[in-house]
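Colleague: I should be grateful for a close look at the interior of this model, with attention to its enclosed spaces and to the residues around them. Please begin with the enclosed spaces and then move outward to the packing and the backbone.

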Amino acid sequence: MEFTKMHGLGNSYIYINLFKEYLPEERLAETAVWLADPNRGIGSDGMILIGPSTSCAIKMRIFNNDGSEAKNCGNGLRCVAKYSYEHGLVHEKAFSIETLGGPVFATVEVDEEGRVGAVTINMGQPRLTRQAIPMIGEEDKPVVGEKLEAKGETVQVTAVSMGNPHAVMFVEQIEEAPVETLGPVIEKHFAFPDWVNAEWVEVVSETELHFRVWERGSGITQACGTGACAAVVASVLNGYAKQGVPITVHLLGGDLTIVWQENGDVLMRGPAEYICTGNVFL
């Protein structure tokens, strides 16, 4: 089977083109685990499938390195957009991508040689109610700065869904964020029945954030595009930033530019890069 390994700010996945390759449904989870294993496979944060869609120009499915299927992946979306355009799977510079979390819209920036540089993804509108996250609780309203008990500590979370769930917390210094210790606890906290991505944010200014993440199903990663979007939304909801203003989010793997537009849509702009291509034997 032919594969392509790509990354968005260090968030790497193994990409399989289902227009050319075939993987049986019952083997998808185990294949993702094997491919992601750096010792027996290739090594990555998971596997992303690129295939035909009945409702959009292209379809992507995301599997974490533990075999669980994710609903959305911002860094993966940029890589899918770059791959799809450069491999002729789509022919327009603006096109739709189907995900489990709903359709999103990609715009690629192309140079004179037909190579894609930056990619902008319209992630749509954030979901803010408990039911949409999902998060347990009686009142179905936005969760902003709500106290949560985790491993004997009390943290304040703002919950945002960008097609997948996020719990955003603010810290004074990003280096002091307890990503490794509290990340896995919050990920599987009973308050989040589908688990959650845990993010910590340091507000540098109204237009600049530092960001760290513990991703649901993958652990600590270099970057999380949907998490960066959630961080910006949470910053606006908590009064640290303004809607309609581009915000630079500094992740371990690099920077993303996010703007929560006045119309409610969240735009994410950033790079997508190839690492290698090859063949694996299943």
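Modeller: What follows is an account of the cavities, the main pocket, the nonpolar cores and a few backbone features.

The model is a predicted one. By the rule applied here, two cavities reach 30 Å³ or more. The largest cavity has a volume of about 100 Å³. Its lining is made up of 15 residues, and those nearest the centre are Ala70, Asn72, Asn164, Asn197 and Glu215. Three elements, β2 (11–17), α2 (74–86) and α4 (225–237), each contribute at least two residues to the lining of the largest cavity. By class, this lining of the largest cavity holds nine polar, four nonpolar and two charged residues.

Asn164, one of the residues nearest the centre of the largest cavity, merits separate description. Asn164 sits in the loop between β10 (153–161) and β11 (165–170). Its relative accessibility is 4%, so Asn164 counts as buried, the limit being under 20%. The side chain of Asn164 makes a polar contact of 2.9 Å with the side chain of His166. Beyond its neighbours within four places in sequence, Asn164 is in contact with Lys71, Asn72, Asn197, Arg216 and Thr226. Two of these partners, Asn72 and Asn197, also appear among the residues nearest the centre of the largest cavity.

The second largest cavity has a volume of about 50 Å³. Its lining consists of Glu2, Phe3, Thr4, Tyr15, Ile16, Asn17, Lys20, Glu21 and Tyr83. The elements giving two or more residues to the lining of the second largest cavity are β1 (2–8) and β2. Strand β2 also supplies at least two residues of the lining of the largest cavity. In the second largest cavity the lining has four nonpolar, three charged and two polar residues.

The open space is described next. The largest pocket holds about 190 Å³ of space. Of its 15 lining residues, Val155, Gln156, Met169, Phe170 and Val171 are the closest to the centre. Strands β10 and β11 each give at least two residues to the lining of the largest pocket, and β10 provides the largest share, five residues. The lining of the largest pocket comprises ten nonpolar, four polar and one charged residues. The strands β10 and β11 are also those that flank the loop holding Asn164.

The packing of nonpolar side chains gives a further view of the interior. In soluble globular proteins, nonpolar side chains tend to be buried together. The largest nonpolar core here has 55 residues, and Ile97, Val249 and Ile258 have the most contacts inside it. Helix α4 provides the largest share of this core, eight residues. Another core, of 21 residues, lies apart from it and includes Val157, Ala159, Met169 and Ala177. Met169 is also among the residues closest to the centre of the largest pocket. Val249, in the largest core, touches Leu209, Phe211, Ala228, Val232, Gly254, Asp255, Leu256 and Ile258, residues up to four places away in sequence not being counted.

Val179 offers another buried position. Val179 belongs to helix α3, and its relative accessibility of 9% is the reason why Val179 counts as buried. With residues up to four places away in sequence left out, Val179 touches Pro184, Trp200, Arg212, Val213, Trp214 and Ile220. Val179 and Glu139 lie 40 residues apart in sequence, and their C-alpha atoms are 29 Å apart in space.

Some backbone features remain. Most residues other than glycine have a negative phi, and most peptide bonds are trans. A cis peptide bond joins Ile133 and Pro134, with omega about -5 degrees. Pro134 is in the loop between β8 (116–122) and β9 (146–150). Leu9, which is not a glycine, has a positive phi of about 55 degrees. Leu9 is located in the loop between β1 and β2, and Leu9 counts as buried because its relative accessibility is 8%. Trp195 likewise has a positive phi, near 65 degrees. Trp195 is placed in the loop between α3 (179–187) and β12 (197–205). At 33% relative accessibility, Trp195 counts as partly exposed, whereas Leu9 counts as buried.

Technical notes. Residues numbered from 1 in each chain as written. Predicted model: local features only at pLDDT ≥ 70, side-chain atom pairs only at ≥ 80, totals over all residues. Heavy atoms only, no water. Helix = DSSP H or I, 4+ residues; strand = E, 2+ residues; numbered from the N terminus. Buried < 20%, exposed > 50% of the residue type's maximum accessible area, 1.4 Å probe, protein only. Polar contact = N/O pair within 3.5 Å; in protein donor to acceptor, adjacent residues only side chain to side chain. Contact = heavy atoms within 4.5 Å. 1 Å grid on protein atoms, 1.4 Å probe; cavity = no way out; pocket = protein on both sides within 12 Å on 5 of 7 lines; lining within 4 Å. Points joined across faces, edges and corners; volume = space filled by probe spheres on them. Nonpolar A, V, L, I, M, F, W, Y, C, P; charged D, E, K, R; others polar. Core = buried A, V, L, I, M, F, W, Y, C linked by side-chain atoms within 4.5 Å.
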